[in-house]
Amino acid sequence: LAQVVGEVPPPSTGMASLVEVGGTRSGRWYLAQVVGEVKGRDAVRINYVDWEDVPVQGVDEVEMPLSEVRMRQPYPSGADDYDATVGQQVETWFDDPDGRAGYVAGTITKKQGDFLYVQVEGLAGARGRPQIVERGDCRPSLPSVPYGGHSQSQMASDQVMIPDILKLWSTTVDAAGCFANVQAETGVMGCALEAPQVLRVEGTREAVHKAKFVLDIHFFHQTKIQHFHELGRNGENGGINAQGPAAEDDFIVDNAALLRQIDESPDFVARVENDHGVSIRVDRQTNRAHVWISGESSDAVAAARKSFEIVTRDVPVTAEVVGWLLGAARDVLDDIKVKSGVTGLEFSAKDSIVMLKGTEDQIQDASAMLECHAQYLPVYQEMDRESALIKDSMEELNTDGKP
């Protein structure tokens, strides 16, 4: 393992083809760039790159099976508050003699000041004594996101602004883990800081759309958590016809709620076009609309058509979670309804379900938002417990020494 000197280089920005390869069995992940797919095989052609994402000179392009390719993981934050623990699985960076850069898996065996003792695997001669590395030069082992090839017409890239109150949080390992989980949950190919308070999200249009919804929810709750900690520090507390590479479909829409959405939301059709990479023409008539959809593939056209079909779905949810969502200052169900665009959202206490009505895309967005909100219930419960303990302690101090 190469000795760590200086700071880990920052990530380059903007290419969905940046990957890590070769570490499924070895624990040694090299930085690489996909340059093409191998026809007829589950494999891609890659170039090894250095820390600046420049192809390594003298190292040939190679074929790599998809099972050994994952999307680029977040770089170490370098933050001084990295909460490393003994026994934690981490990855630390290295350079090999050929100039290839990457990360190697290991386990923290000891902590000493700002340094960690890491027992690494996957490098020749590294299975002896633990390597000593700086705390900020490790990253936690996060879920791997498999690489999947997509045509450029299916891809999207967008910026997500991070609220001012989360500026410091966004550079922590906790934030890197949050972004990696969003990447794993939504299937985007990239979700990482591009600049201070600017997050770059890349992947298919559908995945990017979903990731932005999920990130919005994380930011909502993280903002509340940051406020809580600040108070604590202050002592307060029809059939598809494909012709060659193109496909098209046309059908009639007569659902009143969907017609109102077409009429009252000028960006509805544009968003469907952008999400699925299709072209849409709507002929609005008295009590109905004739819709034409055309695109590069039948799958894209079929997916876009679902945005014009109203369906219903029941989402199971515990009464505790819904009670929390409907509680004081946490009434978010109306917010979910507005942001997802569903035409119906009701809670049945008898059946412990949330009944959703809308297009397939809207219901998927609303379901994802419900699930993401519910993940924060234990955090708020712990915050309530901390507040109760602080209150009890203050009352004891106020009564201490009184007759």
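Here is a short set of numbered notes for you to read alongside the structure.

1. **The whole chain.** Please keep in mind that this is a predicted model. The protein chain holds nine helices and 20 strands. Of its 403 residues, 44% count as buried. The accessible surface of the chain comes to about 21000 Å², and carbon and sulfur atoms account for 49% of that area.

2. **Salt bridges, and one pair to begin with.** A search of the whole structure turns up 16 salt bridges. Side chains of opposite charge can pair when their charged atoms come close. A good pair to find is E20 with R139, whose side chains meet at 3.0 Å, N to O. This pair links distant parts of the chain: E20 is in strand β1 (residues 18–21) and R139 is in strand β10 (residues 138–140), 119 residues apart. Are the two partners buried or exposed? E20 has 0% relative accessibility, so it counts as buried. R139 is buried as well, with a relative accessible area of 4%, because buried means under 20%.

3. **Two pairs that are partly exposed.** Next, look at K212 and D158, whose side chains form a salt bridge at 2.6 Å, N to O. Here too the pair links distant parts of the chain, with K212 in helix α2 (residues 205–233) and D158 in strand β11 (residues 155–161), 54 residues apart. K212 counts as partly exposed at 35% relative accessibility, and D158 counts as partly exposed at 28%. Another salt bridge joins K339 to D216, with the closest N and O atoms 2.6 Å apart. K339 is partly exposed at 37% relative accessibility, and D216 is partly exposed with a relative accessible area of 33%.

4. **A network.** Which residues are joined into one network by salt bridges that share partners? They are E20, R70, E91 and R139. You have already met E20 and R139 as a pair, and it is worth showing the four side chains together on your screen.

5. **The β12 and β13 hairpin.** Strand β12 (residues 190–195) pairs with strand β13 (residues 198–204) in the antiparallel sense, over five bridges. To find the pairing in the model, look for A195, which stands opposite V198 in β13. The two strands form a hairpin with two residues between them. In the turn, Q197 has a positive phi of about 65 degrees.

6. **Strand β20 and its partners.** Strand β20 (residues 353–358) pairs with strand β18 (residues 311–316) in the antiparallel sense, over six bridges. In that pairing, V354 of β20 is the bridge partner of V315. Strand β19 (residues 344–348) also runs antiparallel to β20, joined by five bridges, and S348 stands opposite I353 in β20. The hairpin of β19 and β20 has four residues between the strands, and S352 takes a positive phi near 55 degrees there.

7. **A loop residue to check.** D53 is not a glycine, yet it has a positive phi of about 65 degrees. Where does D53 lie? You will find it in the loop between β3 (43–48) and β4 (62–65). Although it sits in a loop, D53 is buried, with a relative accessible area of 11%.

8. **Helix α8.** This helix covers residues 360–374, which makes 15 residues. From its first C-alpha to its last, α8 reaches 21 Å, close to the 21 Å expected at 1.5 Å a residue. How many of its 15 residues are buried? Eleven are, and α8 is mostly covered. Among the buried ones are charged-looking names such as E360, D361 and D365, along with I363, M369 and L370.

9. **A buried residue in helix α4.** D275 belongs to helix α4 (residues 267–276). D275 is buried, with a relative accessible area of 9%. Leaving aside neighbours within four places in sequence, D275 is in contact with R205, E206 and H209.

10. **A nonpolar patch on the surface.** To finish, turn the model to see I390, M394 and L397, which make a nonpolar surface patch of about 290 Å². L397 has its place in helix α9 (residues 377–399). With a relative accessible area of 60%, L397 is exposed, because exposed means over 50%.

How values were computed: Residues numbered from 1 in each chain as written. Predicted model: local features only at pLDDT ≥ 70, side-chain atom pairs only at ≥ 80, totals over all residues. Heavy atoms only, no water. Patch = residues over 30% accessible without salt bridge, like charges linked within 9 Å, V, L, I, M, F, W, Y side chains within 5 Å. Areas by Shrake-Rupley, 256 points an atom, 1.4 Å probe, with all protein chains shown as cover. Buried < 20%, exposed > 50% of the residue type's maximum accessible area, 1.4 Å probe, protein only. Contact = heavy atoms within 4.5 Å. Pairing = 2+ DSSP bridges. Expected span 1.5 Å × (residues − 1).
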